[in-house]
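This report introduces a protein to a reader who has not met it before. The sequence and the structure are shown first, and the description follows.

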Amino acid sequence: VRPMLDLSWVAKFLPLTGAGFGVGFLVGLTGVGGGSLMTPLLISSFGVSPQVAVGTDLLYASITKTAGGWRHHMSDHVEWPIVFRLAAGSIPAAVILLAAIALIPLDTVALGRWIRTGLVVALPLSALSIVLYPILARAPERPADGKTPPRTLATVAFGIALGLLVTLTSVGAGAIGVSVLAALYPHLPAKRLVGSDVAHAVPLTLVGGLGHLGLGHVDPELLDALLLGSIPGILI
C-alpha cells in the first residue's frame, strides 16, 4: 500500500501566509500594523516564543517594507531628509540595545519577560497612535515659503526612542512612527507621512532583524511563510 501524501504542512503554512498577506496589505496601505499585529499574533495564536517572534517579525518587516518602500519612492511619497534624521537616532540605538542583549547574561525566560513587558507598553501606545493619527494628519496650510521645517533635534530624539522600542518588541515603526511624524510635520500630506515612515522602517527593522538573527532569534521556515503572503499584499 502506497503511503498517503502528507499534507499536514499545508495546515501550518497557509494560516501564516494568510496572516502575512493581511498584514502586508495593511502596511502598504497605511504604514501601520506590522509589529503591532504580527508579533502578538505569532506569540498568542501560533505559540512562538517572544524572542523568536520579535526577531522573525523584524526580518519579515524589513523585507516586506523594502517592497513597499520602493513603491512609495517610485511614487515620490518619501521625504528623504526626514528618513535620514530618524535613522541617525534609531540605527545607533538599535545597535547599542542589541549589543546589550548579547553581552548581558539573560536566560531565555528573562529575555522573554523583558520583551513581554515592552509589548505591554508598546501595544497601548500603538493603539492610541492609530486613534490619534487621523486627527494629527489633518494638515493645515503649508508655510508661505513651501518648505518643511527640519525639526532635527526632535526627529533624531524620536528616532532614538523608536530604535529602542522596535528592536526590543518589533512594535512601533508603523503606528507610533507615522503618528509622531504627523505631529512633527503637520504640513506633510498623509501619503508622504506614510511613505517616509515605511522607508525609515526598512533600515531599522533590517538592523534589528540581523541582530536577532545573530542571537539565534529567527525561524527561517516561519519567515518564508510570512513573506510568501506579505510581499504580494504590500505590493497590491
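## Basis and overall fold

Helices (H or I, at least four residues) and strands (E, at least two) are taken here as DSSP runs, numbered from the N terminus. By that rule the protein has 9 helices and 0 strands, and its pattern along the sequence reads α-α-α-α-α-α-α-α-α.

The model is predicted: local features need pLDDT of at least 70, side-chain atom pairs count only at pLDDT 80 or more, and totals for chains, interfaces and linings use all residues. Residues are numbered from 1 along each chain as its sequence is written, and side-chain values use heavy atoms, with hydrogens and water left out.

## Burial, contacts and surface

A residue is called buried under 20% relative accessible area, exposed over 50%, and partly exposed in between (1.4 Å probe, protein chains only). Of the 236 residues of the protein, 49% count as buried. A contact means heavy atoms within 4.5 Å. Among contacts with a separation of 6 or more, 84% come from residues 24 or more positions apart.

Accessible areas come from the Shrake-Rupley method with a 1.4 Å probe, and for residues only the protein chains shown count as cover. The accessible surface of the protein is about 11400 Å², and carbon and sulfur atoms hold 72% of that area.

## Helices α3 and α9

The expected span of a helix is 1.5 Å times one less than its number of residues. For the 25 residues of α3 this gives 36 Å, and the end C-alpha atoms lie 35 Å apart, which agrees. The bend at a residue is the angle between axes fitted to the seven residues ending there and the seven starting there. In α3 a kink of about 25° is centred on K65. This helix is mostly covered, with 19 of its 25 residues buried.

Helix α9 has 16 residues, an expected span of 22 Å and end C-alpha atoms 22 Å apart, in agreement. Its kink, of about 30°, is centred on L227. L227 is also one of the buried residues of α9, which include L222, L223 and I234.

## A salt-bridge network

Side chains of opposite charge can pair when their charged atoms come close. A salt bridge is counted when a side-chain nitrogen of Lys or Arg is within 4 Å of a carboxyl oxygen of Asp or Glu. The whole structure contains 2 salt bridges. In one, the side chains of D76 and R192 meet at 3.9 Å, N to O. D76 belongs to the loop between α3 (50-74) and α4 (80-103) and R192 to helix α8 (residues 190-214), so this pair ties together parts 116 residues apart in sequence. D76 is exposed at 51% relative accessibility, and just after α3 it takes a positive phi of about 60°. R192 is buried at 15%.

The side chains of E79 and R192 also form a salt bridge, at 2.9 Å, N to O. Salt bridges with shared partners thus join D76, E79 and R192 into one network. E79, at 18% relative accessibility, counts as buried.

## A nonpolar surface patch

Patches are built from residues with over 30% relative accessible area and no salt bridge, joining like charges within 9 Å and nonpolar side chains (Val, Leu, Ile, Met, Phe, Trp, Tyr) within 5 Å. F21, F25, L26, L29, L37 and I236 make a nonpolar patch of about 570 Å². Helix α1 (residues 8-30) gives the most to the patch, with 4 residues. I236 is found in the segment after α9 (220-235) and is exposed, with a relative accessible area of 69%.
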